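Me: I am new to this structure and should like to understand the terms by which it is described. Please set each value against its definition.

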Amino acid sequence: MGVWMFPGQGSQHIGMGAELFARYPDWVQQADATLGYSIEQLCRHDPKQQLDQTQYTQPALYVVNAMTHRQHAQTHAPAQWLLGHSLGEYNALLAAGVFDFVTGLQLVQQRGALMSQQQGGSMAVCLGLSQQDVQQALQQAKLNDVDITNINTPQQIVIAGPKKPIADACDVLTQAGAKRVVPLAVSGAFHSRYMQPAQQKFARYIKNFTFTPPQIPVIANITALPYEANNIHNTLVQQIAKPVRWSDSISFVLNQGQDHFEELGPGKVLSGLLRKIRCV
């Protein structure tokens, strides 16, 4: 029972899912056939140093998250609420029965490939300022090319945009009182207006798929509200170029009286964010 959370990019690491590949050979075979390479080799050993490249990161995390959930669901009662951070939202939808494992992997593979094509952008995480503080500082500095892309906690805000404006924004936010502003090691400005070309191509791809209404409520990143059964396609398309409202999503679930959360996937990034959201 309770809430199950699935992590997104940033939680990957070499060796993730090591104990799961032998347990679920059917999914490993399906993943290899879909992707055209060995998902186990990528996740466990990363011989070609591809794991941190978006087009590989997203399928790898999806598969490990999915296997983690499959193992967890064998010994636990179903969750009452599901949510995932960015890429992790696809695992939440898989867990809710919206699509099967291979369909989700096909969507994620295409999503990662399209997002990786939007090169040249930059991102940074700002600690110690609210979303309103960040927005105000950017506006006063006339940094109109910078978007807020993740509201991870009330005091952890991610920004994205072209490299020079992001570098300028780091200085501006530091002067505005941020505890720290840390550039992120990414190749694109994810969840910003600069992902709109990828979003448009993904919209054409996803229209060929049919989805089933969620059997368990899934909180959408872009609305911080439960998915609407008749709007799954559009919600997934919009997610690519819209902010991830993680703090609001967790707050929504907390307000439903939930207090038992489990993170299903590599690492404990979301568990750390949860503690900070709860402290507010």
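Me: In which helix does Q58 lie?

Reply: Q58 lies in helix α3; helices (H or I, at least four residues) and strands (E, at least two) are DSSP runs, numbered from the N terminus. This is a predicted model, in which local features need pLDDT of at least 70 and side-chain atom pairs count only at pLDDT 80 or more, while totals for chains, interfaces and linings use all residues. Residues are numbered from 1 along each chain as its sequence is written, and side-chain values use heavy atoms, leaving out hydrogens and water.

Me: What makes Q58 count as buried or exposed?

Reply: Buried means under 20% relative accessible area, exposed over 50%, and partly exposed in between (1.4 Å probe, protein chains only). The relative accessibility of Q58 is 0%, so Q58 counts as buried.

Me: Which residues is Q58 in contact with, leaving aside its neighbours within four places in sequence?

Reply: Contact means heavy atoms within 4.5 Å. With neighbours within four places in sequence left aside, Q58 is in contact with Q9, L87, V108, R111, G112 and M115.

Me: Why is C279 called buried or exposed?

Reply: C279 has a relative accessible area of 71%, and therefore it is called exposed. Its place is in the segment after α11 (269–278). C279 and P154 are 125 residues apart in sequence, and their C-alpha atoms are 9.9 Å apart in space.

Me: Where is V3 found, and what makes it buried or exposed?

Reply: V3 is found in strand β1 (residues 3–6). Its relative accessibility is 0%, so V3 counts as buried. Not counting residues up to four places away in sequence, V3 touches W81, L83, V253, Q258, H260, F261 and E262. The C-alpha atoms of V3 and M115 are separated by 29 Å, the two residues being 112 apart along the chain.

Me: Why are α5 and α8 called roughly parallel or antiparallel to each other?

Reply: Helix α5 (residues 101–116) and helix α8 (residues 196–206) pack at an angle of about 155 degrees, with their axes 9 Å apart. Axes are lines fitted to C-alpha atoms, for helices over the stretch in contact, and angles run from 0 to 180 degrees between N-to-C directions. Angles under 35 degrees count as roughly parallel, over 145 as roughly antiparallel, 65 to 115 as roughly perpendicular and the rest as oblique. The two helices, α5 and α8, are therefore roughly antiparallel.

Me: Which residues of α5 and α8 meet?

Reply: Q106, L107, Q110, R111, L114 and M115 in α5 meet A198, K201, F202, Y205 and I206 in α8. By class, this contact of α5 with α8 has seven nonpolar, two polar and two charged residues. Here Ala, Val, Leu, Ile, Met, Phe, Trp, Tyr, Cys and Pro count as nonpolar, Asp, Glu, Lys and Arg as charged, and the others, Gly among them, as polar.

Me: Why are α10 and α11 called roughly parallel or perpendicular to each other?

Reply: Helix α10 (residues 246–254) and α11 pack at an angle of about 70 degrees, with their axes 10 Å apart. The two helices, α10 and α11, are therefore roughly perpendicular. In this pair, W246, S247, I250, S251 and L254 in α10 meet L270, L273, L274, I277 and R278 in α11. The residues of that contact of α10 with α11 divide into seven nonpolar, two polar and one charged.

Me: Which residues touch the most other members in the largest nonpolar core?

Reply: A nonpolar core is a set of buried Ala, Val, Leu, Ile, Met, Phe, Trp, Tyr and Cys residues joined through side-chain atoms within 4.5 Å. In the largest such core, of 62 residues, I39, Y62, L82, F99 and F211 touch the most other members. Helix α3 (residues 54–73) gives the largest share of this core, eight residues. A second, separate core has 18 residues, including A137, A169, C170 and V181.

Me: Why is helix α4 described as largely enclosed by the rest of the structure?

Reply: Eight of the eight residues of helix α4 (residues 88–95) are buried, so α4 is largely enclosed by the rest of the structure. Among these buried residues are E89, Y90 and N91.

Me: What is notable about the phi of S86?

Reply: S86 has a positive phi of about 55 degrees although it is not a glycine. Most residues other than glycine have a negative phi. S86 is found in the loop between β2 (81–84) and α4, and at 10% relative accessibility S86 counts as buried.
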